[in-house]
Amino acid sequence: MNPFSVHNSVQTGNVTMAPGAQLNAGNVTVNPGHPSVHLALRATLRRDEFDPGVEDERIALGSVSEIHLNALLERNAFAILDFAAGMHLYRTRQYARAADHFLRAAETIHPDNYPGGIDLAIGSAYLHLTLHDEAIRAFDRALSTTPESEPALRAALLNARGYARSSQGYAEVALDDLDASLRITEEILGVRDPVYALRLSNKAVVLTKTGEMKRAEALFKQALSTLEAAHGRRHPRVAIVLNNVGVMWYERGQFDKASSLLTEALSIDESELGSSHPNVAVRLYNLASLSERTGDPKMALERQLGAYRIDRMALGTHPYTARDAERLADLQGVSEALVKLDEAADIYGALRADRGRARALRRKGDVQCGAGAYRDAIKEYSAAREIWVSLHSDREVFDADDRIDRARSGNCK
């Protein structure tokens with residue numbers, strides 16, 4: 001057969017590795033006729049931003065780990081193709097499909113040579129999907145097998161796990177991970193490196209959640225100084241930190257400061273990344289929150305519609321598209337709200353994000369109950385209750401029972 005090439009764009013299909021055939025992955029040529037093959041697959045894993053955490057970090061997997069495929073014959077060849085396809089899908093923001101390819105690749109790799117970089121890829125895809133439990137399990141596996149001799153990979157894993165833990169509300173253990181990541185990053189890159197600055201910003205975000213605002217402010221200032229020295233003020237990495245600081249001021253009720261910083265972050269991303277980039281949607285979402293909080297519902301709706309349209313086009317079936325739809329339900333009339341909550345529930349269902357689906361169904365029940373459609377409300381509350389039961393979430397089950405009782409009595413206050 002002709003050589004099969006994997007470059008920036010990935011070609012897939014029914015590939016048969018005949019004796020003597022060659023597989024080209026980037027600039028590496030593999031002959032499966034060899035008894036065993038040691039292949040270092042070079043790829044770039046990037047998280048484009050979204051939440052304050054592991055955003056905008058580039059991990060050259062080939063530089064920190066190797067994929068060792070014992071006797072690269074027939075189905076093992078597909079591990080390489082699955083991994084490369086996963087990287088392509090990750091770069092094009094198709095995170096659910098990317099995770100599936102990474103998992104299939106992992107299943108065919110010899111367990112004695114299983115690299116932590118695979119779990120970094122799997123966990124990062126899950127982080128994009130806000131599946132934090134699954135992400136943490138992947139990072140835990142990787143950290144248990146990644147030796148101290150691979151400090152760059154360990155630092156990336158600790159940083160990512162810290163982000164996932166903070167998203168679940170476990171700030172203290174998240175800070176332990178982030179501090180460990182910062183110590184390693186300082187040793188291998190130094191404190192003036194942009195990656196160190198981004199991880200410093202990640203720690204500052206968690207500190208704001210613990211109420212340590214002065215420490216957070218100091219770390220944000222240090223991160224901005226480093227990033228501006230490296231990239232100048234008008235750079236997407238600077239916009240990430242400006243956004244994070246803006247959110248901090250918003251949460252403290254300093255709306256003028258928040259507006260200035262969030263608007264500047266939006267301006268940078270629109271000019272440097274383009275008006276249809278998901279980072280722009282993040283800025284618009286935050287600014288919509290600010291507009292709603294300061295009593296400008298018209299501007300809030302305009303900005304939230306902008307975020308929703310970007311995420312729907314750029315991300316498609318993604319938690320952020322569902323989140324945008326849920327927010328729009330708060331800002332629109334009953335009929336539009338029901339449509340948007342249906343969309344959110346469907347997206348969460350497709351992503352197997354049961355908690356998100358249950359929340360969207362409960363909110364749909366609230367809208368229907370408030371509009372006097374009590375039977376419809378009971379139906380949605382009951383569907384949400386079934387999910388909460390399956391998740392063994394007693395508090396939410398009790399809440400669903402209470403809402404069902406109130407809908408039956410016509411009391412939706």
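These legends walk through a few views of a predicted model, from the whole chain down to single residues.

**View 1. The whole chain, with its helices and strands.** Here you see 18 helices and seven strands. The chain runs to 413 residues, and 53% of them count as buried. Its accessible surface adds up to about 18,700 Å², with 47% of that belonging to carbon and sulfur atoms. If you look at contacts between residues at least 6 apart in sequence, 55% of them join residues at least 24 apart.

**View 2. Where the predictor is less sure.** Averaged over the chain, the pLDDT is 81, and 79% of the residues reach 70 or more. Residues 1–18 are another story: pLDDT stays under 50 there, and the model gives this stretch 37 contacts beyond four places in sequence. Residues 32–75 also have a pLDDT below 50, with 144 contacts in the model beyond near neighbours in sequence.

**View 3. Glu 326 and the residues around it.** Start at helix α14, residues 319–331, which is where Glu 326 lies. Is Glu 326 buried or exposed? With a relative accessible area of 5%, Glu 326 is buried. Leaving out residues up to four places away in sequence, Glu 326 touches Leu 341, Ala 344 and Tyr 348, along with Arg 359, Ala 360 and Arg 363.

**View 4. Helix α18 and its two faces.** This helix covers residues 394–409, and its end C-alpha atoms sit 23 Å apart, which agrees with the 22 Å that its 16 residues should span at 1.5 Å a residue. The buried residues in α18 are Glu 396, Val 397, Ala 400, Arg 403, Ile 404 and Ala 407. They take up an arc of only 125° around the axis, so they fall on the same side of α18. What covers them? Helices α16 (354–370) and α17 (374–390) are included in that cover. Turn to the face away from the buried side and you meet the exposed residues Asp 394, Arg 395, Phe 398 and Ser 409. Just after α18 comes Gly 410, with a positive phi near 75°.

**View 5. Two loop residues with positive phi.** Take Arg 352 to begin with: its phi is positive, about 60°, although it is not a glycine. Arg 352 belongs to the loop between α15 (334–350) and α16, and its relative accessible area of 58% makes it exposed. Now move to the loop between α17 and α18, where you find His 392. His 392 is not a glycine, yet it has a positive phi of about 55°. With a relative accessible area of 69%, His 392 is exposed.

**View 6. The disulfide between Cys 369 and Cys 412.** How many disulfides does a search of the whole structure find? It turns up one. The partners are Cys 369 and Cys 412, and their sulfur atoms are 1.7 Å apart. The torsion about their S-S bond is about -60°, so the disulfide is left-handed. Since Cys 369 lies in helix α16 and Cys 412 in the segment after α18, the pair ties together parts that are 43 residues apart in sequence. As for how open the two ends are, Cys 369 is buried, at a relative accessible area of 4%, whereas Cys 412 is partly exposed, at 27%.

Key
Residues are numbered from 1 along each chain as its sequence is written. This is a predicted model: local features need pLDDT of at least 70, side-chain atom pairs count only at pLDDT 80 or more; totals for chains, interfaces and linings use all residues. Side-chain values use heavy atoms; hydrogens and water are left out. pLDDT is the predictor's confidence in each residue, from 0 to 100. Contact means heavy atoms within 4.5 Å. Helices (H or I, at least four residues) and strands (E, at least two) are DSSP runs, numbered from the N terminus. Buried means under 20% relative accessible area, exposed over 50%, partly exposed in between (1.4 Å probe, protein chains only). The expected span of a helix is 1.5 Å times one less than its number of residues. The arc is that of the directions from the helix axis to the C-beta atoms. Accessible areas come from the Shrake-Rupley method with a 1.4 Å probe; for residues, only the protein chains shown count as cover. A disulfide is a pair of cysteine sulfur atoms within 2.5 Å.
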